[in-house]
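Reader: I am new to this structure, and I would like to understand how its descriptive terms are justified. Could you show it to me first?

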Amino acid sequence: MSDTTTDTKKENMVMEHLVSLTYRERLTPNLNRFVDELLEGRLVGHKCPVCGRVYVPPKGYCPLDVVATGPENEVEVSDTGTLTGFTIVTPVAYYGQKETQPFVYATVLLDGADTPLGGQDITGIAHDQLRAGLRVKAIWLPKKDRKVEGISNRGFGGLGEVITSFEATGEPDAPRDVYKEHIF
């Protein structure tokens, strides 16, 4: 048996309005430098002076050795890498969803880096041909069209308006030892 007074109160608890917030923040010096290089068509990271691991984008420290890194530790990495994991996303309709066809959300370990880039699109290959170890190359937007909106100090934000996606290079797959530590 339903209590109409309680049901009425519950109806008032549901918010049916769209609310959005816009944040503006200054990028950290390390991320700011990363963005400048990205706009120029280069991917850079920081190489830990103790263990030699390369973090892309640069974090400003090595979490394993607990040492600070800075511009003196900057190294350029390749825009070619290895697919280490992926998900094929079938879009569902919700406010703001722009995708209507299944797409790939992948992780790519760039050559010369020790940290993979998550959230990358993979295009130009059938989804049933995707596999860990696939060699891929970044597809850069023309320099005049590159934008860095969405890159933030909180979670990086991807490369979406500088590198549109990664495509298969046609090279043989990377050996599992190259990417096994980065499989999700």
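Author: What follows is a set of questions about terms, each answered with a value and its definition.

Reader: What kind of model is this, and how are its residues numbered?

Author: This is a predicted model, in which local features need pLDDT of at least 70 and side-chain atom pairs count only at pLDDT 80 or more, while totals for chains, interfaces and linings use all residues. Residues are numbered from 1 along each chain as its sequence is written, and side-chain values use heavy atoms, with hydrogens and water left out.

Reader: How do you know which stretches are helices and which are strands?

Author: Both are DSSP runs numbered from the N terminus, a helix being H or I over at least four residues and a strand being E over at least two. By that rule the protein has three helices and 11 strands, and from the N terminus on the elements run α-α-β-β-β-β-β-β-β-β-β-β-β-α.

Reader: What is the radius of gyration of the protein set against?

Author: The radius is taken over C-alpha atoms, and the globule rule is 2.2 Å times the number of residues to the power 0.38. For 184 residues a compact globule would come near 16 Å, but the protein has 21 Å. Its C-alpha trace spans about 65 × 40 × 35 Å along the principal axes.

Reader: What makes two strands count as paired?

Author: Two strands pair if DSSP finds at least two bridges between them. Strand S1 (residues 43–47) and S2 are joined by two bridges and run antiparallel, so they meet that definition. Within this pair, Lys47 has Val54 in S2 as its bridge partner.

Reader: Why are S2 and S5 called edge strands?

Author: The open sheet of three strands has the order S2-S1-S5, with antiparallel pairing. Strand S2 (54–55) and strand S5 (74–77) are its edge strands because each pairs on one side only, pairing being defined by bridges.

Reader: Which strands make up the sheet with mixed pairing, and which are its edges?

Author: That open sheet has six strands in the order S8-S7-S6-S10-S11-S9, and strand S8 (117–120) and strand S9 (122–123) are the edge strands, each pairing on one side only. Inside this sheet, five bridges join strand S10 (residues 135–140) to strand S11 (residues 163–168), which run antiparallel, and Lys137 stands opposite Glu167 in S11.

Reader: Why is Gly158 called buried or exposed?

Author: Buried means under 20% relative accessible area, exposed over 50% and partly exposed in between, with a 1.4 Å probe and protein chains only. Gly158, in the loop between S10 and S11, has 13% relative accessibility and therefore counts as buried. Over the whole protein, buried residues make up 34% of the 184 residues.

Reader: What makes Val66 worth asking about, and is it buried or exposed?

Author: Val66, found in the loop between S3 and strand S4 (67–68), has a positive phi of about 55 degrees although it is not a glycine. Its relative accessible area is 69%, so Val66 is exposed.

Reader: What is the peptide bond from Val56 to Pro57 like, and where is Pro57?

Author: The bond from Val56 to Pro57 is cis, with omega near -10 degrees, and Pro57 has its place in the loop between S2 and strand S3 (61–62).

Reader: What share of the contacts joins residues 24 or more positions apart?

Author: A contact means heavy atoms within 4.5 Å, and among contacts with a separation of 6 or more, residues 24 or more positions apart account for 62%.
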